[in-house]
Amino acid sequence: KPRQAELVFEELFVKRTPLSEACRGVVTTLSRLGRGEQLRAAVRLPSRPRLTALRDWFAAQDASDHLERVFRLSKLKYAVMTNIPFAPEEAEHWTASPQPPLTPRLKT
């Protein structure tokens, strides 16, 4: 997956201008998370891997704290999750015992 992400990043952010609306959304999101300079640095790197600093930052985040930060920044109260209960990779999260704790911000 990291190799694929590098390729997608290169195609969408390095080789193409102007940026698409979807890419501008990624730029806005990373900027709001305080990662704008890391994104600019990644674009300026001469070759892959470009996403190491961003990956390291995301890996260092506590998932619950990060989720709360994203909801706060986006001014959302909650999100409704759609689940595909018959997809094995999704079902394993909802059939586990005991159930993992969910934030009240995620509704099913």
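Buried here means under 20% relative accessible area. The model on screen is a predicted one.

**Stop 1: helix α1**

Select residues 2-14, which form α1. The helix has 13 residues and spans 17 Å from its first C-alpha to its last, close to the 18 Å expected at 1.5 Å a residue. Now show the side chains of E6, F9, E10 and F13, which are buried. Turn the view to look down the helix axis: the buried residues of α1 fall within an arc of 105°, so they line one face of the helix. To see what covers them, add α2, α3 and α4 (52-59), which are among the covering elements.

**Stop 2: the largest nonpolar core**

Keep F9 and F13 on display and add C23, L30, L39, A42, L51 and L54; together these eight residues make up the largest nonpolar core. At least two of its residues come from each of α1, α2 (21-32) and α3 (36-44). Centre on A42 next. Apart from neighbours within four places in sequence, A42 is in contact with F9 and R50.

**Stop 3: E6 and R55**

Go back to α1 and pick E6, then add R55. Their side chains meet in a salt bridge, at 3.3 Å from N to O. R55 belongs to helix α4 and E6 to helix α1, so the pair ties together parts that are 49 residues apart in sequence. How exposed is each partner? E6 is buried, with a relative accessible area of 5%, while R55 counts as partly exposed at 30%. Side chains of opposite charge can pair when their charged atoms come close.

**Stop 4: a network of charges**

A search of the whole structure gives eight salt bridges. For a linked group, select E10, E11, K15, R48 and R50, which are joined in a network of salt bridges. R50 was seen at the core stop as a contact of A42, and E10 as one of the buried residues of α1. Within the network, zoom in on E11 and K15, whose side chains meet at 3.1 Å, N to O. E11 counts as partly exposed at 26% relative accessibility, and K15 counts as exposed at 53%.

**Stop 5: E68 and R105**

Move to helix α5 (residues 63-74) and select E68, then find R105 in the loop between α6 (88-94) and β2 (106-107). The two side chains form a salt bridge of 2.8 Å, N to O. This pair links distant parts of the chain, 37 residues apart. E68 is partly exposed, with a relative accessible area of 33%. R105, at 18% relative accessibility, counts as buried.

**Stop 6: R35, a charge without a partner**

Select R35 in the loop between α2 and α3. Which side chain of opposite charge is nearest to R35? It is D56, 10 Å away, and R35 has no salt bridge although it is buried. Show L30, L54 and W57 to see what R35 touches, not counting residues up to four places away in sequence. Of these contacts, L30 and L54 were on display earlier as members of the largest nonpolar core.

**Stop 7: V70 and L33**

Return to helix α5 and pick V70. V70 counts as partly exposed, at 34% relative accessibility. Draw a distance from its C-alpha to that of L33: the two are 8.0 Å apart in space and 37 residues apart in sequence.

**Stop 8: backbone geometry**

The last selections concern the backbone. Most residues other than glycine have a negative phi, and most peptide bonds are trans.

- Select T17 and P18. The peptide bond joining them is cis, with omega about -5°, and P18 sits in the loop between α1 and α2.
- Select R48 and P49. Their peptide bond is also cis, with omega near 0°, and P49 is in the loop between α3 and α4. R48 appeared earlier as a member of the salt-bridge network.
- Select K75, in the loop between α5 and β1 (79-80). K75 is not a glycine, yet its phi is positive, at about 60°. At 73% relative accessibility, K75 counts as exposed.

Note on methods: Residues numbered from 1 in each chain as written. Predicted model: local features only at pLDDT ≥ 70, side-chain atom pairs only at ≥ 80, totals over all residues. Heavy atoms only, no water. Core = buried A, V, L, I, M, F, W, Y, C linked by side-chain atoms within 4.5 Å. Buried < 20%, exposed > 50% of the residue type's maximum accessible area, 1.4 Å probe, protein only. Helix = DSSP H or I, 4+ residues; strand = E, 2+ residues; numbered from the N terminus. Contact = heavy atoms within 4.5 Å. Expected span 1.5 Å × (residues − 1). Arc of directions from axis to C-beta. Salt bridge = Lys/Arg side-chain N within 4 Å of Asp/Glu carboxyl O. Lys, Arg positive; Asp, Glu negative; His and termini not counted.
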